[in-house]
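Please open the structure in your viewer and keep the selection panel at hand. The tour proceeds from the whole chain to single helices and one side chain.

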Amino acid sequence: MPLHPTRVRLASAALLTVAGLVAAGTASAAPAPVAAAPVAAAAAPDIPVANVSAHLAQFQSIATANGGNRAHGRPGYKASLDYVKAKLDAAGFTTSVRQFTSGGRTGYNLIADWPGGDETQVVMAGAHLDSVTAGPGINDNGSGSAAVLENALAVSRTQLKPAKHLRFAWWGAEELGMVGSRNYVNSLATGDRSKIDAYLNFDMIGSPNPGYFVYDDDPALEKIFQEYYTGLGIPTEIETEGDGRSDHAPFKSAGIPVGGLFSGADYTKTAAQAQKWGGTAGKRFDPCYHSSCDTTSNVNTTALDRNADAIAYALWGLATQ
């Protein structure tokens, strides 16, 4: 997620150590038992959080081998894209890589279509794959990228035959202002835009001091995620921190219904939020936001697990109606 315009600061100014996060019991927590999803989502599979975490470990290794980041125009980004594409190709998706240019560097979007379903009714799920240059970007946004990838692989494992067409996307250069997703939306003919029934966006869903925020841009899509969390007995709040700052924005501007989930960035968790969600009041949702410490140690596994399953609940519900 790009820097908030009123909160631009040096990345190092707000660092808290990973050790401090672990001491607070918020980073890399072992997944708590997650309650069963509501009956309406019985067809949606459980998304194994161990698989999602394995993708995050790969993103971390890629960043470590490529200058410590996976940023637009850098080798770590292309290596991340190649990793995701290889998984999807092996699973039977039709993939395409779309190039664009930003800041004098070549960027890439990855689009993956699952065969079948009504192509005049497309359900999309996406996440930005790039990090900032300051760090590996494992929560921002390895978490969303890995969860969307594992949901796509679950579609393949179950050999889902959806009524609507399923499309997945991994965006480049989001950190420079949603460049990749805007390029994609702008490249669509008007008729193709009208075929997209819903775009679901997942940007930061494993924050170490997590909140449970739901996009309120489209009431019907908002309701689906609220239903899922009601079934778990977890209250949600409307997402406001990321308004207009992630890849749903170009879709919304084009008149496409959008929804999504978010676990918080550099806003501070209140006492009331800590009371209902746990974690630490007075600390940022992600103290390592846009920093070098956004590593695999900077992820709350319980939040990642719940949000990955919530994605499945929404996708299976929307695509099989």
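Of the 321 residues of the protein, 56% count as buried. The model on the screen is predicted. Colour the chain by secondary structure, and 10 helices and 8 strands appear. Among contacts with a separation of 6 or more, 79% join residues that lie 24 or more positions apart.

**First stop: helix α2**

Select residues 49-65, which form helix α2. This helix has 17 residues, and the distance from its first C-alpha to its last is 24 Å, close to the 24 Å expected at 1.5 Å a residue.

Which residues of α2 are buried? Select Val-49, Val-52, His-55, Leu-56, Phe-59, Gln-60, Ile-62 and Ala-63, for these are the buried ones. Now turn the view to look down the axis of α2: the buried residues fall within an arc of 160°, so they line one face of the helix. A general rule helps in reading this pattern: an α-helix has 3.6 residues a turn, so residues three or four places apart point the same way.

Next, select Ala-50, Thr-64 and Ala-65, exposed residues on the face of α2 turned away from its buried side. To see what covers the buried residues, display α3 (75-90), α4 (138-157) and α10 (301-319), which are included in that cover. Just after α2, select Gly-67, which takes a positive phi of about 80°.

**Second stop: Gln-60**

Return to α2 and select Gln-60, a residue of this helix. Why does Gln-60 count as buried? Its relative accessible area is 16%, and buried means under 20%. Show the surroundings of Gln-60: leaving aside neighbours within four places in sequence, this residue is in contact with Pro-136, Ile-138, Thr-295 and Thr-296.

**Third stop: helices α7 and α10**

Select α7 (residues 219-232) together with α10. Two packed helices are described by the angle between their axes and the distance between the axes. Here α7 and α10 pack at an angle of about 130°, with their axes 10 Å apart. That angle makes α7 oblique to α10. The crossing of α7 past α10 is right-handed.

Finally, show the side chains where the two helices meet. On α7, select Leu-221, Ile-224, Phe-225, Glu-227, Tyr-228, Tyr-229 and Leu-232. These meet Arg-306, Asn-307, Asp-309, Ala-310, Tyr-313, Ala-314 and Leu-318 in α10. The helix α10 has thus been visited twice, as it also belongs to what covers the buried residues of α2.

Conventions. Residues are numbered from 1 along each chain as its sequence is written. This is a predicted model: local features need pLDDT of at least 70, side-chain atom pairs count only at pLDDT 80 or more; totals for chains, interfaces and linings use all residues. Side-chain values use heavy atoms; hydrogens and water are left out. Helices (H or I, at least four residues) and strands (E, at least two) are DSSP runs, numbered from the N terminus. The expected span of a helix is 1.5 Å times one less than its number of residues. Buried means under 20% relative accessible area, exposed over 50%, partly exposed in between (1.4 Å probe, protein chains only). The arc is that of the directions from the helix axis to the C-beta atoms. Contact means heavy atoms within 4.5 Å. Axes are lines fitted to C-alpha atoms, for helices over the stretch in contact, and angles run from 0 to 180 degrees between N-to-C directions. Angles under 35 degrees count as roughly parallel, over 145 as roughly antiparallel, 65 to 115 as roughly perpendicular and the rest as oblique. A crossing is left-handed if the near helix is turned anticlockwise from the far one by less than a right angle, and right-handed if clockwise.
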